[in-house]
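Thanks for coming. I will put the structure up and then talk through a few places in it.

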Amino acid sequence: MELMFDSEAKQDEFSFSKSLYPAKLLQKLPELRDRGIFLCGGGALALYLDHKFTAIKDFDFYVKDQAALEWFENFLTGPLLRMSKTHDSENALTFRPPSDKVTTYVQIIKRDFYNSYDEVFKHFDFSVCKVGYDNEQFYFGPNTKQHILEKKLVLEGKPTDDFFKRWFKYNLKGFKMPHSEVASIIKTIPNLSFDSTQDFGY
């Protein structure tokens with residue numbers, strides 16, 4: 001997969017105070033990238049779309065190995081960011097911000113390990129989610145920038161049981177998929193879940 005890049009958007013354009021944890025975290029992204037820790041998905045997409053963090057539910061990070069995961073967990077809870085771990089499941093670790101002024105959580109995805117943005121993107125369902133950011137440039141899947149521009153929701157991966165929830169979430173954010181295509185995809189999912197459509201943050 002050939003990645004696309006956009007180096008025009010810089011961290012200092014984002015509309016948040018440099019004293020708050022997201023600024024401190026984003027400033028560390030180049031070091032995290034070099035350690036095999038990659039910011040990808042909806043949080044990176046939200047930064048690319050409007051450069052605001054106030055509406056971002058969480059930042060999802062993907063790591064290259066167990067050592068990177070453990071180092072990043074210690075970094076998040078350390079003296080710079082002072083985050084608190086609130087959840088630990090087979091799929092992810094979740095960390096709460098140190099201040100009520102910020103509602104953006106951090107998740108470390110641990111269901112698998114990844115060596116690059118490209119490897120992460122191969123496991124994503126919708127093309128518009130294939131966005132990564134390292135505080136120096138954005139990374140995109142081959143069709144991502146065009147689909148973002150066209151507000152098109154295109155399934156490029158295998159649909160999961162929570163497809164309906166994820167389709168609804170991105171539909172609310174303005175990304176559209178023909179209803180006939182949605183219906184066709186739903187018919188292929190034997191264990192489709194409809195019970196968690198109340199939470200549609202990034």
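**Leu80 and its surroundings**

Let me start with one residue. Setting aside neighbours within four places in sequence, Leu80 is in contact with Lys24, Lys28 and Phe75. This is a predicted model, so please take every value as computed from predicted coordinates. Leu80 sits in the loop between H4 and strand S4, which covers 84-88. Lys24 is 56 residues away from Leu80 in sequence, but the C-alpha to C-alpha distance is 7.8 Å. Is Leu80 buried or exposed? Neither: its relative accessibility is 35%, and therefore Leu80 counts as partly exposed.

Next, the helix before that loop. H4 runs over residues 66-77, twelve residues in total. At 1.5 Å a residue, H4 should span 16 Å, and its end C-alpha atoms are 17 Å apart, which agrees.

Which residues of H4 are buried? They are Ala68, Leu69, Phe72, Glu73, Phe75 and Leu76. These buried residues cover an arc of only 160 degrees around the axis, so they are on the same side of H4. Ala67 and Asn74, on the other side of H4, are exposed. Phe75, one of the buried residues, is also one of the contacts of Leu80 that I listed at the start.

At the N-terminal end, H4 is capped by Asp65. A side-chain oxygen of Asp65 lies 3.3 Å from the backbone nitrogen of Ala67.

Now to a strand. Leu93 is in strand S5, residues 92-96. Its relative accessibility is 3%, so Leu93 counts as buried; the cut-off for buried is under 20%. What is Leu93 in contact with, leaving aside neighbours within four places in sequence? The list includes two residues of H4 that we have just met, Leu69 and Glu73. It also holds Lys85, His87, Asp88, Val106, Gln107, Ile108 and Lys110. For Glu73, 20 residues from Leu93 along the chain, the C-alpha atoms are separated by 8.5 Å.

Last, confidence. The chain has a mean pLDDT of 86, and 82% of its residues reach 70 or more. Over residues 8-13 the pLDDT stays under 50, and the model has 14 contacts for them beyond four places in sequence. Residues 196-202 also have pLDDT below 50, with 23 contacts in the model beyond near neighbours in sequence. Where pLDDT is low, the predicted coordinates should not be read in detail.

Methods: Residues are numbered from 1 along each chain as its sequence is written. This is a predicted model: local features need pLDDT of at least 70, side-chain atom pairs count only at pLDDT 80 or more; totals for chains, interfaces and linings use all residues. Side-chain values use heavy atoms; hydrogens and water are left out. Helices (H or I, at least four residues) and strands (E, at least two) are DSSP runs, numbered from the N terminus. The expected span of a helix is 1.5 Å times one less than its number of residues. Buried means under 20% relative accessible area, exposed over 50%, partly exposed in between (1.4 Å probe, protein chains only). The arc is that of the directions from the helix axis to the C-beta atoms. A polar contact is a pair of N or O atoms within 3.5 Å; within protein, one must be able to donate a hydrogen and the other to accept it, and residues adjacent in sequence count only if both atoms are side-chain atoms. pLDDT is the predictor's confidence in each residue, from 0 to 100. Contact means heavy atoms within 4.5 Å.
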